[in-house]
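Work through the exercises below with the sequence and the coordinates open. Each task is followed by a solution in steps.

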Amino acid sequence: MFDPGLIDMVMRLRGKGISDNNVLRAVEQTPRIRFVGEGNAEKAYDEQKLPISCGQTISAPWVTALMIQMLRVSKGHKVLEIGSGSGYQTAILARLCRRVYAVERYKQLISEAETRFKNLDVRNTVIRHGDGRYGWAGQAPFERIILGCATRAAPPMLLEQLAPGGEMIAVVDEQLMRYTKARSVVSEETLMPLKLDMIEPGKSRTL
């Protein structure tokens with residue numbers, strides 16, 4: 001079904017620097033309006049975060065698309081997502097990778113997200129209830145890990161669950177960061193500050 005609001009949002013994302021066609025296609029196949037409450041339907045495609053159940057929020061479209069683009073996902077990857085929320089980011093990731101394993105602390109959000117996945121025929125996702133700091137050791141290692149919420153430091157147990165050559169994207173101490181594992185050594189790169197209109201190149205260093 002043609003959704004002009006969704007098409008306009010995708011074009012806006014392209015204009016704001018989301019250049020990965022696979023990411024843009026996955027966003028276009030995942031109507032954001034299905035992941036916000038009925039009271040916010042008219043704002044579903046606006047460039048703003050919106051409230052969802054359990055006092056949580058769904059990130060602005062550009063932030064979601066940017067973090068997924070920075071994650072550099074491919075079809076063969078197994079992805080760990082920390083904080084699935086409404087399931088919007090999860091559903092986009094599912095269209096880009098082999099399987100998404102998500103950890104969410106609110107059971108209500110899990111139930112709502114699973115219903116949305118069923119309605120949208122998104123089948124390669126699994127969500128468990130738990131504390132995201134500990135990841136999902138039983139399914140590790142993961143080629144990619146993404147944190148849907150800001151943190152003060154990269155959780156060490158998540159870095160342990162990265163596969164060799166794996167990457168993790170997270171907002172840490174008001175910076176968008178990429179962590180890359182080469183064998184057992186993890187390096188970090190500052191991609192950009194939290195003020196997203198001020199992109200700065202980062203320097204790599206060993207943790």
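In helix α1, the residues L6, M9, V10 and L13 are buried, where buried means under 20% relative accessible area, exposed over 50% and partly exposed in between, with a 1.4 Å probe and protein chains only. The model is a predicted one, in which local features need pLDDT of at least 70, side-chain atom pairs count only at pLDDT 80 or more, and totals for chains, interfaces and linings use all residues. Residues are numbered from 1 along each chain as its sequence is written, and side-chain values use heavy atoms, with hydrogens and water left out.

**Exercise 1. Describe helix α1 from its faces to its ends.**

Step 1. Helices (H or I, at least four residues) and strands (E, at least two) are DSSP runs numbered from the N terminus. Seen down the axis of α1, the buried residues fall within an arc of 100 degrees, so they line one face of the helix; the arc is that of the directions from the helix axis to the C-beta atoms. An α-helix has 3.6 residues a turn, so residues three or four places apart point the same way.

Step 2. D8, M11 and G15 are exposed on the face turned away from the buried side of α1.

Step 3. The cover over the buried residues of α1 includes α2 (21-28), α3 and α4.

Step 4. At the N-terminal end, D3 caps α1, with a side-chain oxygen 3.2 Å from the backbone nitrogen of G5. After α1 comes G17, with a positive phi near 105 degrees.

**Exercise 2. Check the length of helix α5 and find what its buried side packs against.**

Step 1. Helix α5 (residues 107-119) has 13 residues and reaches 19 Å from its first C-alpha to its last, close to the 18 Å expected at 1.5 Å a residue. The expected span is 1.5 Å times one less than the number of residues.

Step 2. L109, I110, A113, R116 and F117 are the buried residues to mark in α5. They fall within an arc of 130 degrees down the axis of α5, so they line one face of the helix.

Step 3. These buried residues pack against α4, β4 and β5 (125-129). K107, K118 and N119 are exposed on the face of α5 turned away from the buried side.

**Exercise 3. Place strand β3 among its neighbours.**

Step 1. Of the 5 residues of β3, 5 are buried, so the strand is largely enclosed by the rest of the structure. K78, L80 and I82 are buried on one side, and V79 and E81 on the other.

Step 2. β3 runs parallel to β4 (residues 99-104), joined by 5 bridges; strands pair if DSSP finds at least two bridges between them. V79 stands opposite V100 in β4.

Step 3. β3 also runs parallel to β6 (residues 142-147), joined by 4 bridges, and I82 stands opposite L147 in β6.

**Exercise 4. Is H77 buried or exposed, and what does its side chain reach?**

Step 1. H77 sits in the loop between α3 (61-71) and β3 (78-82).

Step 2. With a relative accessible area of 13%, H77 is buried.

Step 3. The H77 side chain reaches the backbone nitrogen of S74 at 3.0 Å. Leaving aside neighbours within four places in sequence, H77 contacts R72, C97, R98, R99, E143 and R144, contact meaning heavy atoms within 4.5 Å.

Definitions and conventions: A polar contact is a pair of N or O atoms within 3.5 Å; within protein, one must be able to donate a hydrogen and the other to accept it, and residues adjacent in sequence count only if both atoms are side-chain atoms.
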